[in-house]
Amino acid sequence: ATANKDITQKVSIVSGQREKQERLRDVMRIMGLKTWVYWASWFASALVQLTGLVFVMTIILSGSKVLKYSDPSVVFVFFWLYSVVTVALSLLISSFFSRAKVA
């Protein structure tokens, strides 16, 4: 789970910074996009990807003997909430950088 978090944060931060560096965010704001919609789209995009990953992880861990006595729905909710926090932390960290290479 920790490797998943590290990879997810790195990808989210770098892609968000690349968009910021190329000034695409400013262009969207000029066209009338609200700031909260911009951040909500990044959040939703990352969460959709991670929900699929969490689903696969839940099937693998519940199907094997790793989490034999755990309810799969509880495992899914636990990992999904962990993914929500990871995405939120990635968005928070990305606001501190201005260039993609530094991030």
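Helices here are DSSP runs of H or I, at least four residues long, numbered from the N terminus. Keep in mind as you click around that this is a predicted model.

**Stop 1: helix H3.** Select residues 35-63, which make up H3. This helix has 29 residues, and its first and last C-alpha atoms are 42 Å apart, close to the 42 Å expected at 1.5 Å a residue. Now colour its buried positions: Tyr38, Ala46, Leu47, Leu50, Val54 and Thr58.

**Stop 2: Thr58.** Stay in H3 and pick out Thr58. Is Thr58 buried or exposed? Its relative accessibility is 6%, so Thr58 counts as buried, the cut-off being under 20%. What does Thr58 touch, once you skip neighbours within four places in sequence? Show Gly63, Pro72, Val75 and Phe76: Thr58 is in contact with each of them.

**Stop 3: the nonpolar patch.** Next, select Phe55, Val56, Ile59 and Ile60, and switch on the surface. Together they form a nonpolar surface patch with about 390 Å² of accessible area. Zoom in on Val56, another H3 residue. Val56 has a relative accessible area of 43%, so it is classed as partly exposed, a label for values between 20% and 50%.

**Stop 4: helix H4.** Finish on residues 72-94, the 23 residues of H4. Put a distance between the end C-alpha atoms and you should get 33 Å, which agrees with the span expected at 1.5 Å a residue. Which residues of H4 are buried? Highlight Val75, Phe79, Ser83, Thr86, Val87, Ser90, Leu91 and Ser94. You've already met Val75 as one of the contacts of Thr58.

Note on methods
Residues numbered from 1 in each chain as written. Predicted model: local features only at pLDDT ≥ 70, side-chain atom pairs only at ≥ 80, totals over all residues. Heavy atoms only, no water. Patch = residues over 30% accessible without salt bridge, like charges linked within 9 Å, V, L, I, M, F, W, Y side chains within 5 Å. Areas by Shrake-Rupley, 256 points an atom, 1.4 Å probe, with all protein chains shown as cover. Salt bridge = Lys/Arg side-chain N within 4 Å of Asp/Glu carboxyl O. Helix = DSSP H or I, 4+ residues; strand = E, 2+ residues; numbered from the N terminus. Buried < 20%, exposed > 50% of the residue type's maximum accessible area, 1.4 Å probe, protein only. Expected span 1.5 Å × (residues − 1). Contact = heavy atoms within 4.5 Å.
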